[in-house]
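The exercises below are meant to be worked with the sequence and the model side by side. Try each task before reading its solution.

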Amino acid sequence: MSKINSEFSTELTKLGCPVDLNVCFNCGNCSAICPLSEGENSFPRKIIRASILGVEDDIKTSLDPWMCYYCGECSETCPQEANPGELMMSLRRWLTTKYDWTGLSWKFYTSKKWEFSAIILLAAFVFFLFALLNGIPLSTDKTFINEIAPWRIVEIGDWIMAGVLAALLISFIFNMHRMIIIKDKTIKVPLKLYFTEFWTLIFHFASQWRFSDCEIKIQSFWKKLCAGKYNYWIAHWLLMSGYVLLFTMIVIFLEWFQTDTIYPWWYPQRLFGYYATFGLIFGTVYFIIHRIKKDRENSKHSHITDWTFIILLLLSAVSGILMHISRINQSPLLVTYYLYVVHLMIVVPMLCIEVPFSKWSHLAYRPFAIYFNNIKMAARELVKKQSNSTAN
Ligand code: SF4
Ligand code: SF4
């Protein structure tokens, strides 16, 4: 017996859903037009129906919201202006709050006070940590950044933070797996499928390829490229790859990245840093412009957490590059030092809040959703083959 949640539409409204679900008359136009909806994975009509009825169990176990990459086609063509694309966005927020057992995602998505207080507290924590270690220097006779912020100590902090964030995110993904695969009694998944389908997880995390499919199917690759149909995917990919590269250099290769030697511009350490900064600034500015102009269906309704994430990312990149410019121009060490502290006061809250509890987490949930979906489809295929061979 499926659980009905009579408060479901109120919960979605709290999560920023601007849609009146009751105007939908279930015509199915949205599923017909959706470029990503196919075969067994037909959406969004079914999940809209479940949302109207508040069938919480069906929504919790559904992967449909993650399969949608919010091209906005369905919203543009819905005869009732029910805005199914925005409903899918809100359902992703709702699912994020269900995978998260700490309850913090719900707090951050529904309360500005919670989100901004957490950002300020973490920024203050970073500031006082540096004040504790170095005092509050007004001038310094030290020559190098590694003397006042030794990479070995910063690296320990990085590892602790990365370990805690990874543990939280992994536990949420286990929760997602429990809801989607373990609780689904209609299918038994053989262990080997987790290995044979693993490539889909890596491929979709690295390429975000379904974004590029999220356009009308009939056009060829070149026609779509020339018409700028891939711009959104390119901006998203640059942002994501810049972020992942920077995170890797800071957490794994800090000794190499945080150096006092000034290498020539073509040295890989500098080129990687420039690429990551370019990706972050290009991607964030692209999304900020569209959110301000509201010229795409998927940028018309910005939730406060969309803004917080993108602004924190932009500030992280800008403060990082300012620090770099200050360092290579051999500005007074005090300037570089304070820019370094400000940079960390932005980066630490951005990572601690956004990665496990807020907007960033979709970068992990989406490829896992495709992975789980492929595992389930492969398991169904196996059952079909086995029953066919038994029948023969
Ligand atoms: S959301 Fe719009 S297009 Fe989709 S089923 Fe409802 S009325 Fe039809
Ligand atoms: S926003 Fe695009 S991908 Fe998402 S359900 Fe609508 S048509 Fe499909």
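**Exercise 1. Find which residues of H3 are buried, and what covers them.**

Solution. Begin with the burial rule: a residue is buried if 20 or more other C-beta atoms lie within 10 Å of its own, exposed if 12 or fewer, and partly exposed in between, with C-beta atoms placed from the backbone. By this rule the buried residues of H3 are Arg45, Ile47, Ile48, Ala50 and Ser51. Here helices (H or I, at least four residues) and strands (E, at least two) are DSSP runs, numbered from the N terminus. Next, recall that an α-helix has 3.6 residues a turn, so residues three or four places apart point the same way. The cover over the buried residues of H3 includes helix H1 (8-14), H2, helix H4 (56-60), H5 and H7, where two residues are in contact if their C-beta atoms, placed from the backbone, lie within 7 Å. Finally, look just past the helix: glycine 54 follows H3 and has a positive phi, near 70°.

The model is predicted, so local features need pLDDT of at least 70 and side-chain atom pairs count only at pLDDT 80 or more, whereas totals for chains, interfaces and linings use all residues. Residues are numbered from 1 along each chain as its sequence is written, while chains are lettered from A and ligands numbered from 1 in the order in which they are written.

**Exercise 2. Describe the shell around ligand 1.**

Solution. Count as near any residue whose C-beta atom, placed from the backbone, lies within 6 Å of the molecule. This gives 14 residues around ligand 1, the closest being Cys24, Cys27, Asn29, Cys30 and Cys78. Helix H2 (29-33) and helix H3 (45-53) are the elements that give two or more residues to this shell. Then sort the shell by residue class, with Ala, Val, Leu, Ile, Met, Phe, Trp, Tyr, Cys and Pro as nonpolar, Asp, Glu, Lys and Arg as charged, and the others, Gly among them, as polar; the result is 9 nonpolar, 4 polar and 1 charged.

**Exercise 3. Is glutamate 11 buried, exposed or partly exposed?**

Solution. First place glutamate 11, which belongs to helix H1. Then count its surroundings: glutamate 11 is partly exposed, because 18 other C-beta atoms lie within 10 Å.

**Exercise 4. Work out how the two domains meet.**

Solution. The chain is divided into domain 1 (8-99) and domain 2 (104-379), with bounds from an automatic or database domain assignment. Their centres, taken over C-alpha atoms, are separated by 27 Å, and the contact takes 26 residues from domain 1 and 31 residues from domain 2. On the side of domain 1 that touches domain 2, helix H5 (64-67), helix H6 (73-77) and helix H7 (84-99) each supply at least two residues, and the largest share, 7 residues, comes from H7.

Now turn to the largest nonpolar core, a set of buried Ala, Val, Leu, Ile, Met, Phe, Trp, Tyr and Cys residues joined through C-beta atoms within 7 Å. This core has 78 residues, and those with the most contacts inside it include Leu91, Met176 and Phe372. Helix H20 (residues 333-357) gives the largest share of this core, 15 residues. Because domain 1 (8-99) and domain 2 (104-379) both give residues to this core, it lies between them. As a last step, follow methionine 176, which, leaving aside its neighbours within four places in sequence, is in contact with Tyr99, Tyr365 and Phe368.
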